[in-house]
Amino acid sequence: MDHKFTQQIKEWLEQHHDERDYAAGALILLKLSGNQIIYRNLIANPSAKADFIEYQIQKYYNFRVQALTHAQVEEMAEQVKTIADEHHLTDDASTEPEDERRLGKREDHASLPDEIKAKYVENLSLLQRMRVLHLRLRSLSLENATCPDSERYPFLKELITLDKKLHANWEAYDHYVAPGPDAVPSRSAKAKRSAAGSKKSAKLS
């Protein structure tokens, strides 16, 4: 990686908006993306596209300072593939009734503390967000067969982060034990969720 160029990008981003040379910014973006069409559109009136230029340069800069190699991004992509398979992110969930998608609810759900029930509800939202991100990631790859690592990275990173949060929520939800001398965690919800997932996978294969 050209560290001098990375420093040049940093200096451009640190300039005050009123002092920035957006024509120079458009040229920086061309060097980063290699997209001549976008460059020609921007250079016609770079000041009018200031927000777009800044956003794109910032995105590329964030990726460069992560110092990630192509191999590391590919490793993240493999991790996301496993996550997608585990949570069936490629399923067309829109045709399935919502109640049937709400897998893993404990039998004593109604009696749980609000903060524990909230983790179950949050996971429904997390899964929906993960489906949206995964769909965008797949669309991105289809739109650009040579999709650069810097384009894929934000989606991969967020999917991995959301998956960790999802698992942490399930861990807290499945193993919550109400105070009491004879209390035991309810493991039936986790078993149902796993069984339903396996059954669905078999049906799709």
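These are my notebook entries on the helices, salt bridges and aromatic pairs that I looked up in this predicted model.

**Overall make-up**

I began with the secondary structure and found 9 helices and 0 strands in the protein, so I wrote the order along the sequence as α-α-α-α-α-α-α-α-α. I then looked up burial, and 36% of the 205 residues count as buried. For the accessible surface I noted about 12,800 Å², with 53% of that area belonging to carbon and sulfur atoms. Turning to contacts with a separation of 6 or more, I noted that 69% of them are between residues 24 or more positions apart.

**Helix 2**

I took helix 2 next, which runs over residues 22-33 and has 12 residues. From its first C-alpha to its last it reaches 16 Å, which is close to the 16 Å expected at 1.5 Å a residue. At the N-terminal end I found a cap from Asp 21, where a side-chain oxygen lies 3.0 Å from the backbone nitrogen of Ala 23. At the other end I noted that helix 2 is followed by Gly 34, whose phi is positive, near 70°.

Which residues of helix 2 are buried? I listed Tyr 22, Gly 25, Ala 26, Ile 28, Leu 29, Leu 30 and Leu 32. I also asked myself what covers these buried residues, and the cover includes helix 1 (3-14), helix 3 (36-43) and helix 4 (50-65).

**Salt bridges**

I counted 7 salt bridges in the model, and I wrote up three entries on them.

The pair I entered from helix 1 is Lys 10 with Glu 14, whose side chains meet at 2.5 Å, N to O. Both residues lie in helix 1, 4 residues apart, which is about one turn of the helix. I added a general reminder that an α-helix has 3.6 residues a turn, so residues three or four places apart point the same way. As for exposure, Lys 10 is partly exposed at a relative accessible area of 30%, while Glu 14 counts as exposed because its 54% relative accessibility is over 50%.

In helix 7 (residues 114-143) I found Lys 117 and Asp 114 separated by about one helical turn, being 3 residues apart. Their side chains meet in a salt bridge at 3.7 Å, N to O, and Asp 114 is exposed, with a relative accessible area of 58%.

I also looked up Arg 129 and Glu 158, whose side chains meet in a salt bridge at 3.0 Å, N to O. Arg 129 lies in helix 7 and Glu 158 in helix 8 (residues 149-174), so this pair ties together parts that are 29 residues apart in sequence. Both ends are partly exposed, with Arg 129 at 36% relative accessibility and Glu 158 at 28%.

**Aromatic pairs**

How many aromatic pairs does the structure hold? I found 4. One of them is Tyr 120 with Trp 170, an edge-to-face pair with 5.8 Å centre to centre and 70° between the planes. Because Tyr 120 lies in helix 7 and Trp 170 in helix 8, the pair ties together parts that are 50 residues apart in sequence.

Are these two residues buried or exposed? Tyr 120 is buried, with a relative accessible area of 2%, and Trp 170 is buried as well, at 10%. My last entry is that ring pairs link Tyr 120, Trp 170 and Tyr 173 into a cluster.

Definitions and conventions
Residues are numbered from 1 along each chain as its sequence is written. This is a predicted model: local features need pLDDT of at least 70, side-chain atom pairs count only at pLDDT 80 or more; totals for chains, interfaces and linings use all residues. Side-chain values use heavy atoms; hydrogens and water are left out. Helices (H or I, at least four residues) and strands (E, at least two) are DSSP runs, numbered from the N terminus. The expected span of a helix is 1.5 Å times one less than its number of residues. Buried means under 20% relative accessible area, exposed over 50%, partly exposed in between (1.4 Å probe, protein chains only). Contact means heavy atoms within 4.5 Å. A polar contact is a pair of N or O atoms within 3.5 Å; within protein, one must be able to donate a hydrogen and the other to accept it, and residues adjacent in sequence count only if both atoms are side-chain atoms. A salt bridge is a side-chain nitrogen of Lys or Arg within 4 Å of a carboxyl oxygen of Asp or Glu. Accessible areas come from the Shrake-Rupley method with a 1.4 Å probe; for residues, only the protein chains shown count as cover. Rings of Phe, Tyr and Trp (its six-membered ring) pair if their centres lie within 6.5 Å; planes under 30 degrees apart count as stacked, over 60 as edge-to-face and the rest as tilted.
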